[in-house]
Amino acid sequence: MHAAMATVSISDYEQARRLLHDDVLPTVTDIPGFVSGHWFAPVDGKGVEILIFETEDEAQAMAAQMPPGRRVNDFVTVDSIEVREVAGSVHQLDDVPYQMTSET
């Protein structure tokens, strides 16, 4: 798995959060190879998003759509983006206490 990690400038968090929930979250699972996504609230106007994909190519494809300077919407602008291999992860599911990824 690989992650596309972006830092963004957020001018209006409440508006950006509304658009995230109304527009992004309902459709993000349709992106090829999408595994999971996490969007972090801004600190001093800077937010972070981490999107996990099955392959490096899929993460790179997402990163290519979010070059630095791109305005995602009226309230969010991409500052930086990078792709990294996911070295490991753990999460809890309702029916499985913990699930860990295998090492590659």
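The following exercises, with worked solutions, concern the sheet, the helices and the nonpolar core of a predicted model.

Residues are numbered from 1 along each chain as its sequence is written, and side-chain values use heavy atoms, with hydrogens and water left out. Because the model is predicted, local features need pLDDT of at least 70 and side-chain atom pairs count only at pLDDT 80 or more, while totals for chains, interfaces and linings use all residues.

**Exercise 1. Determine the strand order of the sheet and identify its edge strands.**

Solution.
1. Helices (H or I, at least four residues) and strands (E, at least two) are DSSP runs, numbered from the N terminus. Two strands pair if DSSP finds at least two bridges between them.
2. The open sheet has 5 strands, arranged as E2-E3-E1-E5-E4 with antiparallel pairing.
3. Strand E2 (34-43) and strand E4 (71-73) are the edge strands, since each pairs on one side only.
4. On average, neighbouring strands are turned by 30 degrees against each other, direction ignored; axes are lines fitted to C-alpha atoms, for helices over the stretch in contact, and angles run from 0 to 180 degrees between N-to-C directions.

**Exercise 2. Describe how E5 pairs with E1 and with E4.**

Solution.
1. The antiparallel pairing of E1 and E5 extends over 9 bridges. Met 5 is found opposite Glu 82 in E5.
2. E4 and E5 are also antiparallel, over 2 bridges, and Arg 71 stands opposite Thr 77 in E5.
3. The connection from E4 to E5 is a hairpin through 2 residues.

**Exercise 3. Establish on which residues and elements the buried side of H2 rests.**

Solution.
1. Buried means under 20% relative accessible area, exposed over 50%, and partly exposed in between (1.4 Å probe, protein chains only).
2. Within helix H2 (residues 56-64), the buried residues include Ala 59, Met 62 and Ala 63. They lie on the same side of H2 because they cover an arc of only 100 degrees around the axis; the arc is that of the directions from the helix axis to the C-beta atoms.
3. An α-helix has 3.6 residues a turn, so residues three or four places apart point the same way.
4. Exposed residues Asp 57 and Ala 64 occupy the face of H2 turned away from its buried side.
5. The packing partners of the buried residues of H2 are strand E1 (2-10), strand E3 (46-53) and strand E5 (76-85), where contact means heavy atoms within 4.5 Å.

**Exercise 4. Carry out the corresponding analysis for H1.**

Solution.
1. Ala 16, Leu 19 and Leu 20 are the buried residues of H1. Their arc, seen down the axis of H1, is 105 degrees, so they line one face of the helix.
2. These buried residues pack against E1, E2, E4 and E5. H1 lies across those strands and runs at about 165 degrees to E2.

**Exercise 5. Characterise the largest nonpolar core.**

Solution.
1. A nonpolar core is a set of buried Ala, Val, Leu, Ile, Met, Phe, Trp, Tyr and Cys residues joined through side-chain atoms within 4.5 Å.
2. The largest such core comprises 16 residues, and Phe 53, Met 62 and Val 76 have the most contacts inside it.
3. Two or more residues come from each of E1, helix H1 (13-24), E3, H2 and E5. E1 gives the most, with 4 residues.
4. Beyond its neighbours within four places in sequence, Val 76 is in contact with residues including Val 8, Ile 10 and Ala 16.
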